[in-house]
Structure formats: structure tokens, C-alpha cells
Amino acid sequence: MPTRRGSARVIGPVLAVVLVLVVVTLIVVPRVTGGGGASSQHLTDVRVLAGSETQAYLTDPAVARRLEELHYRLRVDTAGSQEIVGRDLKDYDIALPSNSPQADQIRRDKHITRQQYVLFFTPIAIATFQQLVPPLTTAGVVTANGPVSYFDMGRYLGLVGQDTRWSALVDPAVYQNPGYLLIKSTDVRSSNSAAVYLALASYVANKNSIVSDGGTADELGTQLAKLFTRQGYTDPSTEGPFNDYLTIGIGKTPLVMIYESQFRARQIANDGSIRSDRVLLYPSPTIYAKHTAVPLTDDGEAVARLLASDPQLQVAAVRAGFRVSNSAGPAGNAGGGGVAPPPQLANVVDPPTQDISTRMITKIDAAYNGQGPG
Amino acid sequence: MSTAITGRRGRPGRPGSSTRRPGSSTRRRQGASIRLGALGTVAALVLGVLAGCTDPGLGGGGDASTSPPAPSRPGTLRILAGSELKDLEPLLPDLKKATGITVTMSYTGTLDGADKILKGSADADAAWFSSDRYLRLLSGGAAKELVRTPVMLSPVVLGVRTPLAQQFGWTGTTKVSWGDVAAKVAAGQLTYAMTNPAASNSGFSALVGVAAAFAGTSDALQVSDIRAAPLTSFFGGQVLTAGSSGWLTDAFVKAPPATVGAMINYESVLLTLQQSGAAGPLTIIRPSDGVITADYPMALLADNRRDEYTRVVSWLRSPATQRRIQHDTSRRPVVPGVPLESRFGTGTPLELPFPATQQVADRLLAAYFDEYRRPTHAIYVLDVSGSMEGDRLAALQQALTGLTGADDSLAGRFARFRGREHVTMITFSSAVTGTRDFIINDPSPGSADLKAITDFAGSLRANGNTAVYTALDAAYTKAAQARKDEPNALTSIVLMTDGESNSGLDAGQFTGRYDARPAGARAVRTFAVVFGEADRGALSAIATHTGGEVFDATAPGVSLSDVFREIRGYQ
């Protein structure tokens, strides 16, 4: 599988100031059962600094219970993946950024020789509504391949380039929106998922090639800025637009860039939020976010290995919507609840390097401030 | 951008509220002690430990407003909040039972709150306003929020008196756009109430939403998209303004129906008002060209209260609490899986984008005040009796110059005297000692128009007795003339005194003369400022009788400048 090189580091030092110092301390207290459970004094505390996308998994009671059986207890702080790279990690046993290039960088910066562990991964995806699928199909943006629908990023960028509006694609009786055809995302200047979206768009805009030179990055940053500036105010956290999709709905987020894991976690939990009109599309091409544990201590290494390999812990990850690589075939990634296993994706690409992404985002930031066409 | 004024218990327009609050005695009791000066230090504003106290405002609230700030301690979450969050107070005892966390809330306006959060002087563990979007547009604002969690939803929409809605054909499932509303305004058939967008988030959301809708595309607004002509036409219909959504609702309920036909406010406020019937039958219009929805995010400010914060927001977002919030406060649930009650209507209103930059937001605000809204006429009645000598006179001078641009705080910048504003300064001691008129053609700080007011403030001298009613009577004579000369202007009176009236007309004489004035003059509200040894009861009576409000500049940590700035939200 292709790695997600560089996307972790897309937010450069210039933009780091806007990163919110998100550090949530959640002590996962295991349920000490009266019977066979280990008492807390026999548990080894393992401190993890993790990207926020993995928080729900790491604080899942089932994960805590399983680790307790294995005599460990997690103490989890969360932070933006970019921030994890810059943090002093001496108080932690594991660093768990949302993708592997950041893990690479941590290992380089902190001179870590221990092996890193990809615990699980998930592709970037687009959530939409059933009533929009036929008009998007007619427009050539969406194509169905069996039960899986793909979202053609090249075709989409073409329509955005022509300033296409929803009103030109969709019968107003079906959906009335005078605005531009636009995927909603988080703030590209602070959020990792939006940075992945930019990585994807820049690949397509660069004639299906990873952007590798500064001049092209400047040019594409300016050209692609309207994907973000036209959204107006954007939310800082990946949960924000997805929550809008689930609660406010089509009036705010007709198309929203999310991680597949967010959608699948809701489906598997069967909490009623993924109603029959909710559709997940796979951008073509797409990019994987690989949640990669960097062990910093011996205890950290032991737990990272367990998280990556223990069948029960891997099942819990699948239940949280992630894909695991050591499952017994695709069906092993189904996660239960009658939810179909995630599709195998063929067209997966790498993001550009951190420097290139930073240059593009700098151009987008300038467009926000009225210094460029937005 | 909610107001600092906090006299109300719960949401206005609740069943029974109109009968509970009509008289001056209620207003006096609440007004004098509590409703005051939330613009000062947060310390002065803590309204008391709410957990375990189902109705903290009655009785004990006044004392609480003067208590020292609660210390930060484990198991406690001190929240700096917008006043519209007061209706969540009844949940706090159950929150305490379920989580063990004691939540205390203190209230301030959104811009003032943003100011404090930016400067790190909020002295709170968390912030909870109807929106944090403006704060997050400010440089350094986003970083102050360590975590943010939306708690509930309410779009800013329009409530129209039902007979009028029927006359317009705005019934059933008929689609009504902001453009349709503007057409009725332009035809002279519709006027409405809306909060001041620099003081209250509902007004700000309406301004941003309408500007986006009039751009015709529902795209994120750029400065170049702002269309002044339709906005000026639209805001020409705004005949009632206020610094807070709650106060606006009270004023709308009391207003003769013929004087104001509709109100722009949170859907939650309008649903509650519809339910209570306090303003008569109301038709809620969710404009088809889009709305802006408040998401009430709770933001963590203090790193050492993460655990408390997490437990509080988890409880608030639990399905049971979300159902209760929906039922009790008419706000929409923010978590998927809690179904929306049918009274919220069918269909999803289109969500208009909020601007991406402070530049656009500030440009809209400035243009609203200087160009779009009706011109204003602010009549100040200022006590320069002997007791004002010294610090008090200096405070008055500072308060006035603050409004000419000297106050560079976030809230201060939008509280300045604005373009097209007519300012009248009536000074009094034993009698009226002077009347000066100022017209602000150039509202930029340092302009000759504003310098004239600064010079006037500097020239004030104190001596003599206190003829409060004579001076106020003169102000109403001025107002009566102003209503003839400038019928479109929003005219209001600010009365500042530091003592009891001991000269000239008495209260009865003033009231008799006021009651005999034409309706246009009687519609001019008096916002009375308690300063020094002023007679709170007398000022409350004046405010109640004229539909105004009392503000306390004597509360600890509250300056006269704070109060003058806050009153700008009502002018």
C-alpha cells in the first residue's frame, strides 16, 4: 500500500500558530471486575499522545478491558497530528500521529530506532445525500461500480474551475442551492483532513502527478484556493463538518470531505445517524491516513505491538471504523452490525512533501486575506 | 455578541412571563441589583453558584453579583457565557448530580467576552456563547479555545405577527426569502425588531446572513460582494434594536403590534414566544435563501479543567439531555440520533456561509452602523451637579471620549458614535445648563466631528443641585421635536445622574407631562444610569415608564465607560 508521505507535515511553521493546542487528558480507568480482573496496582500505565481521530478508539471501554487483561492501562492525551511532531515527548511512551510521514519525522527528530507500527488506516472519503447522486452522475462526477460509488476528482475540479453552481446540476425541485458546487471541509490552515483534501486536489490538478516543485506549488495553491475560500468560515476539527452533515444536513453540507472511518463508525454503531439517504463516495484518486504508533519506551513498544497485532484490539479498531491490514481478508474489516466490508480501493496516491504542502497553504492563506483570487 | 444585561430569569416570552413582569416593581428589584454592568470585570458578574439553586436570580442574585470571583478548583467549571445561555441554568442541578461537577456561569456580551478571552483576562475555565466564529476569526482567537464542542443548534430566523403574515400570503409551506422580506420593508408594509449586531450574535448573524443572501449566490461573502443598496433598504425596516436577544423579545412583547410587525431572533426564542402567546399569534419564517445557525460551542480555556470540561460536555450532549434541551429551550439537538420535534418544521433551511475573514465581518459591521441602519439620534442627559466634582466628572469625561474612539477594545470599536448620528448633550444641575447638538458626518477616529464631542467633554464643570426631572423633561421636548424633524431616526435618551433629584420638577410632574406628549415622543426610551448616590428606585421607575432600562455604574469593577458603551447596543 502506498504510504501517506508528507501529508502529516503539510502545515508548516508559518501556519503552526493557528493550530489549537488540543490536548485532552483522559485517563482510561479499566473496569476492575470482582472476578478475574487484574487489580489496578498490577497495571502498567502507558502514556500516549495521539491524534484526535483515534481518541474514541483509545478510550473505548472494550480496548481498556482488553489491555487490562494484558496488564496495561492507557493514559491518553490528544493533540493535532502536526503538533505531536513538535512536542516534547519525554513524558510519553507512545506517539500516535494520524499518518506515517509524521511518524517518520518524529523518529528522525527524536532519534528513535525502535520500529514503528501502523495500527490501522482509513481513506479520505466524501459523504453526500442520495438525492444528489443522480445529478452528480449525470454530470460525470459520480460513477458507480457495483455497490461502490466513486467521485471523480478531475471532473469535479473541472466543474469548480468553470464556477459551476448547484443550480446548473440539480433540479431546484430536488435541491435548491444558488451557491457553487463545493465540497465542505475543515480549515486547510489548521486541519489535517483538509490538508489531505488539498493533497488530493493538487495531485489531480498537476495532471495526476505529485507536486514536487515550489513553482508549481505556488501556482496550484493560488489556483485551488477557491476550494477553501469559497466555503467561508470553516471548522477547525474534523468532527465539525461531519457533525453538521449528520445534524443540519443537506442545507449546510451537501458534500463533505471526511475520513471513511467516521462514516463507518456510525454505521457499525447503528445509532440511527446514517439514515437511508446518506451515501459515502470514494474520491478517485484517494489518500490513506495511516495511524502510526512510534514507541518511545519499552512499555510503549510492547503496547504498540499489541495494538497492531492483538486480534481483539484490532477488532475494536474495525468497530471504530478503521481498516486493519492483518485482517483475514476484506470481510475482516466489516466491523459487524451487518455493515458491508469497505471496498478495496485501487486508485490511491501519495501526498506531496511537507514543504510543498506548506507553500500551497501559504498561497491559500494569502487568498483568504484578499491577496489573491479566491 | 449577547448582552451584558442580565435581569431576566429564563427566556422572555415564556408562559407566564408577560404577567410576571409587567410592572415596575419586578423590574426594580431585578434591575437595580442584577441587570447591571456585566461589562466590567468578570469578578463582578458571577451570578452565583448555580448548581443546587433552581432560580438563582430571584432573591439571592443581587448579592451574588457583588461577590468575589469564584476560585478555580477541581470539580468546578467556571463558565463565561452569553446571556442567552441563562435558560440552561435549570439543567445545572441535574448536571451536578450526574457528573459531580459544579458549574458556575457568569454572563457577558460576545464581543466583550472575545476581548477578555483574547487578552487572557476571562478568569473562567470555559467559554460558552451562541457562536465563537467571530472570536476564531480574530488573530490569536482560535488558539485560546483548547477544545470546542457544539452543544445545541438554533438558526436566526424571522417571526412575523400572524395577521400580517396572512396578509402577505406567508402561510403554510410558502417559500419566503430574505428578498421577499426586503420587498415588504421597501413597500412600507413591514417593520421589525433585531438586536444590535455588534452587541448580540442574533443581530450579527442576521446581518451576515442577509448580506450573503443579497449577494444572490449564498457563497462566502467577499467585501466586493456586499451590496449596499438592498441592505440599506432592508435595514430601513429595523425600528427596534437592543443589546440582547432577551431584552429585544421583552420590548417586542410590550410594543403595540402596529409599531413593529416582526422580529429577527433565534428560532428558539421565537418558538418559545409562539408557544407562550405573549406577543399574540406568531408565524415563523425560515427564509428559503438561507439562515445562519448558532451552534453554542462550549470552549475549554483552562488546561487544568479538561476532565471537568469533558464530563460536562459529554453530559450535555447525551441523548437524554439533548431531548430535554430541545423540549425545554426549543433549540435543535446537535447530536445525530435525537429526532427533531415537528414544531421545528420540515425541510432543512439552507445554511449561509459565515465570512472567512475578520476583514469581511468588520466591514459589514462598520457599514451597518455608518450606512445601512436607520440614522440614530442619541440624547444624553448628563448630571454636572456639585457632587460630580472630581473623579466622577473625570469618569464622565472618559466615558464620553471613549465613544469618540479613545476606547480601542473590540467592543469599544463598534460602540463609537457612528456616521449620520445626531448626538445631543443636555447638561444639568439646578436646571438645564446647556444643550449642544453634534452631527457625525465623519465617524473616523480623530475626525473634527468626533473631536467636537471630546472638546465638549473636556469643558464640563460641576456645581449646583440636581434637577433630574426638569432635565429629562427637556430631553423629551427635544425628542418630540426630533421625531418631527427626523421621523426615520432611531431616537433614544440616556440619563446619567449621581444623586437624587432635589430641584425643579418632581416625578409626578414629569410623568404627567410625559404622558401628555404625542405617541412619537413617548416611544423614545430612557436608558438610566445609576452613578454615585443616584436613586435607583426613581431611575427604575423612569426606565419602566418609558420602556427603557436601568444600568448600574456603581457595581464593583464596572466603570461609567463600561455602561455608556453597553448602552450603545440599545441606541
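**Notes on the two-chain model**

1. Let's start with the surface of chain B: its accessible area comes to about 18100 Å², and carbon and sulfur atoms account for 52% of that. Please keep in mind as you read that this is a predicted model.

2. A few words on how chain B is built. The chain holds 24 helices and 18 strands. Of its 571 residues, 64% are buried. If you take the contacts in chain B with a separation of 6 or more, 77% of them join residues 24 or more positions apart.

3. Now to the place where the chains meet. Here 38 residues of chain B are in contact with 35 residues of chain A. Between them the two chains bury about 2700 Å², with 57% of this on carbon and sulfur atoms. On the chain B side, the residues that lose the most area to chain A are B:Arg306, B:Pro336 and B:Leu350, which together make up 19% of what that side buries.

4. For the polar side of this interface, the rule finds 1 salt bridge between chain B and chain A. In a salt bridge, the side chain of B:Arg148 meets that of A:Asp235, at 3.2 Å from N to O. The rule also finds 6 residue pairs in polar contact across the interface, with both residues at pLDDT 80 or more.

5. Which elements of chain B each supply at least two residues of the side that touches chain A? They are the helices α6 (133-137), α7 (141-144) and α14 (306-316), along with the strand β5 (147-150). The largest share, 3 residues, comes from α6(B). Sorted by type, the residues on this side of chain B are 17 nonpolar, 10 polar and 11 charged.

6. Over in chain A, have a look at A:Asn177, which sits in the loop between α8 (166-169) and α9 (192-205). Is A:Asn177 buried or exposed? It counts as buried because its relative accessibility is 10%, and the cut-off for buried is under 20%. Its side chain has polar partners: one is the side chain of A:Tyr175, in a polar contact of 2.9 Å. In addition, a polar atom of the A:Asn177 side chain lies 2.7 Å from the backbone nitrogen of A:Gly179.

7. Helix α5 of chain A (residues 100-109) is worth a look too. Why can this helix be called largely enclosed by the rest of the structure? Because 7 of its 10 residues are buried. The buried residues are A:Ser100, A:Pro101, A:Gln102, A:Ala103, A:Asp104, A:Gln105 and A:Ile106. Just after α5(A) comes A:His111, with a positive phi of about 55°.

8. My last stop is A:Arg47, in strand β2 of chain A (residues 44-51). With a relative accessibility of 31%, A:Arg47 counts as partly exposed. Setting aside neighbours within four places in sequence, A:Arg47 is in contact with A:Arg75, A:Asp91, A:Tyr92, A:Asp93 and A:Ile94. For A:Asp91 there is a further detail: the side chain of A:Arg47 reaches the backbone oxygen of A:Asp91 at 3.1 Å. You may also like to find A:Asp299, which is 252 residues from A:Arg47 in sequence, with 9.4 Å between the two C-alpha atoms.

Definitions and conventions
Residues numbered from 1 in each chain as written. Chains lettered and ligands numbered in written order. Predicted model: local features only at pLDDT ≥ 70, side-chain atom pairs only at ≥ 80, totals over all residues. Heavy atoms only, no water. Contact = heavy atoms within 4.5 Å. Buried area = accessible area lost by both parts, 1.4 Å probe. Salt bridge = Lys/Arg side-chain N within 4 Å of Asp/Glu carboxyl O. Polar contact = N/O pair within 3.5 Å; in protein donor to acceptor, adjacent residues only side chain to side chain. Helix = DSSP H or I, 4+ residues; strand = E, 2+ residues; numbered from the N terminus. Nonpolar A, V, L, I, M, F, W, Y, C, P; charged D, E, K, R; others polar. Buried < 20%, exposed > 50% of the residue type's maximum accessible area, 1.4 Å probe, protein only. Areas by Shrake-Rupley, 256 points an atom, 1.4 Å probe, with all protein chains shown as cover.
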